[in-house]
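Hi,

Here is the structure I said I'd pass on, with my notes on it underneath. Have a look at the model first, then read on.

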Amino acid sequence: MSDTQEHIIMLPFLALGHMIPFLALANKIQERTNYKITIVSTPLNIKYLSSNRQNPNNISLVSLPYNSFDHGLPPNTENTEALPLKDMVTIFNSTLSLKDPLKKLILEIIKKDGKSPLCIISDTFMGFASEVAKSCGIFNVSFTTGGAYGTAAYVSLWLNLPHLLAINGVFKMPGFDENSCIFNVSQLHPFMKLANGNDSWSKILKSMLLPSLDSLGWLCNSVEEIEFIGIKAIKNLTKLPVWCIGPLLPQCMIKKGEKDQILESRIAKDHGLSPEKCIEWLNKHPKNSVLYISFGSQNTISTSQMMALALGLEDSEKPFIWVVRPPIGFDLQGEFKSEWLPQGFQERVEKGNKGLIVKSWAPQLQILCHGSTGAFLTHCGWNSVLESLSEGVPIISWPLAGEQAFNSKMLMEEMGVCIELTKGVESVIEKDDVKKVIDVVLSTSGKGKEMKEKANEIGISIREAVKEEGKFKGSSVKAMDDFISTLLCTRNLSS
């Protein structure tokens, strides 16, 4: 057997919100072990990852053949960014075309290295990697880029369809403690409510998620100390070891390098607000006074919801930064029109230095790290949740898709750091609802004060989890070491 260094293959799902944690995980493993890492994806996604890669040493990016046209997708569509819901099932199905090319690549690597890779680390949604791994005589490890609670609820729902047994809208979720975790059909996305096992979503998601249970174990982008219930649920559900190795946040949140600044300046020039202008604006406002609003890179709300949110913001008289994108029914990447906001709204709030309307992109990490930021109105995508909690920033939730409603439920019921404003794009909200929630969360007394204190405590737990000083190792550091040891032991036992 060759003495070449260990080699790990990584396969993220075709979504930017999944690829960034994979890249962060690759960096973390490589820094800790000096193993060679190969991340595989489609050509355009590899191009994206290449522009975001900070340390190319020992981290290779390899593209697998993929043509969106062959799958009935729009030209040059290789991830879920700005993809309409109607095309989501199609892109999920299209990932199965990567199965044979992945196997071919691994066999080529075995021939070149003189030994098998240590394992594949595949996205939970790329369950077919477990079958590829077995056929190549190696192990697969499933990696959920989401949190433990949200992932457990999402996977359990699609594998078990427990909502079909709901009584008065209430149902029990397999894997969760049935006495303490009660779920309601009202918390489900419309296409989840309609799932019955014969619909296209049920079929594809079950076929993709189920093989992930046939892995060596699961990696989770979370922290053991903040997600007791979710971690227990994942273990109950998978019957596998679970390693919480999060938070896998972009490196610039921990240590800002020159490449980060160059990249952000380029993004800001092309799309939105520069970090410098953002910090300058935030510096003009008191501590914990600003509301930051963003629904992620591939979500938006309806025109009527946008109007109500704007009017509520203005009535609250609280300073805010709002990242806006065209509403539902319009091209997300298109130009934002003033007619989607109340007449004169942008001019009024900007003139009084009360609000900053940002088109398409803002330096979210810098905003959440700033002392003036007091709350975050978010869709509850897990990356955004982790970034907010890491900085001790309370949350106003507006879940829109995926497992986001489950994240919102956990943030409210288990952590006490969140108030849900509404959910989905079909709900009706009034400006008074918006003002009321903002007033509560940004208050320096009562529930607002309590939420801030709890968020700060969670932020401390998150930072402690990744700390390594002298003989002290945080829980996520220990989990990473245990994961690597398990890989090596399992490989040695099987060889």
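One term before anything else: "buried" here means under 20% relative accessible area. By that cut-off strand 5 is mostly covered, with 5 of its 5 residues buried. Keep in mind that this is a predicted model, so everything below is computed from predicted coordinates.

Staying with strand 5 for a moment: Asn140, Ser142 and Thr144 point one way, Val141 and Phe143 point the other way, and all are buried. Strand 5 pairs with strand 4 in the parallel sense over 4 bridges. One residue pair to click on there is isoleucine 121, whose bridge partner in strand 5 is valine 141.

Now the sheet around it. Seen as a whole, 7 strands form an open sheet with parallel pairing, in the order 3-2-1-4-5-8-9. Strand 3 (59-63) and strand 9 (242-244) are at the edges and have a single partner strand each, so one side of each lacks a neighbour in the sheet. From one strand to the next, the twist averages 25°. Further along the order, strand 1 (residues 7-11) and strand 2 (residues 36-41) make a parallel pair over 4 bridges, and isoleucine 9 sits opposite threonine 38 in strand 2.

Which helices lie across these strands? Helix 4 (residues 99-113) crosses strand 1, strand 2, strand 3 and strand 4 (119-123), and runs at about 165° to strand 1. Helix 19 (residues 475-494) lies across strand 1, strand 4, strand 5, strand 8 and strand 9, at about 140° to strand 9. Helix 5 (residues 128-135) is worth a look too: Phe128, Ala129, Ser130, Val132 and Ala133 are buried in it, and what covers them includes strand 1, helix 4, strand 4 and strand 5. After helix 5 comes glycine 137, with a positive phi near 75°.

There is another sheet to look at. It is an open one of 6 strands with parallel pairing, ordered 12-11-10-13-14-15. Strand 12 (355-359) and strand 15 (418-420) stand at its edges with a single partner strand each, so each has one side left without a neighbour in the sheet. The twist here averages 20° from one strand to the next. Strand 10 (residues 290-294) and strand 13 (residues 373-378) pair in the parallel sense over 5 bridges, with tyrosine 292 opposite phenylalanine 376 in strand 13. Helix 12 (residues 303-316) packs on this sheet, touching strand 10, strand 11 and strand 13, and its direction makes about 165° with that of strand 11.

Next, helix 15, which is mostly covered: 8 of its 9 residues are buried. Those are Trp382, Ser384, Val385, Leu386, Glu387, Ser388, Leu389 and Ser390. They pack against helix 14 (364-369), strand 13, strand 14 (395-397), helix 16 and helix 18. Helix 15 is followed by glycine 392, whose phi is positive, near 70°.

Is serine 384, in that helix, buried or exposed? Its relative accessible area is 8%, and buried means under 20%, so serine 384 counts as buried. The side chain of serine 384 makes a polar contact of 3.2 Å with that of glutamine 364. Apart from its neighbours within four places in sequence, serine 384 is in contact with Gln364, Phe376, Thr378 and His379.

Last, the empty space, which I guess you'll want for your own work. How many cavities of 30 Å³ or more does a search of the whole structure find? The count is 2 cavities, and the largest has a volume of about 50 Å³. Its lining is made up of Phe295, Asn299, Thr300, Ile301, Met306, Trp322, Val323, Val324 and Arg325. Strand 11 (residues 320-324) gives the most to that lining, with 3 residues.

As for pockets, the second largest has a volume of about 160 Å³. Among the residues lining this pocket are Tyr149, Glu225, Phe228, Met410, Glu414, Ile458 and Ser461. Helix 9 (228-238), helix 16 (404-415) and helix 18 (446-465) are the elements that give two or more residues to that lining.

Cheers

Terms used: Residues are numbered from 1 along each chain as its sequence is written. This is a predicted model: local features need pLDDT of at least 70, side-chain atom pairs count only at pLDDT 80 or more; totals for chains, interfaces and linings use all residues. Side-chain values use heavy atoms; hydrogens and water are left out. Buried means under 20% relative accessible area, exposed over 50%, partly exposed in between (1.4 Å probe, protein chains only). A polar contact is a pair of N or O atoms within 3.5 Å; within protein, one must be able to donate a hydrogen and the other to accept it, and residues adjacent in sequence count only if both atoms are side-chain atoms. Contact means heavy atoms within 4.5 Å. Two strands pair if DSSP finds at least two bridges between them. Axes are lines fitted to C-alpha atoms, for helices over the stretch in contact, and angles run from 0 to 180 degrees between N-to-C directions. On a 1 Å grid over the protein atoms alone, a cavity is a set of points where a 1.4 Å probe fits but cannot get out, and a pocket is an open set with protein on both sides within 12 Å along at least five of seven lines; lining residues have an atom within 4 Å of a point. Grid points are joined across faces, edges and corners, and a volume is the space filled by probe spheres set on the points.
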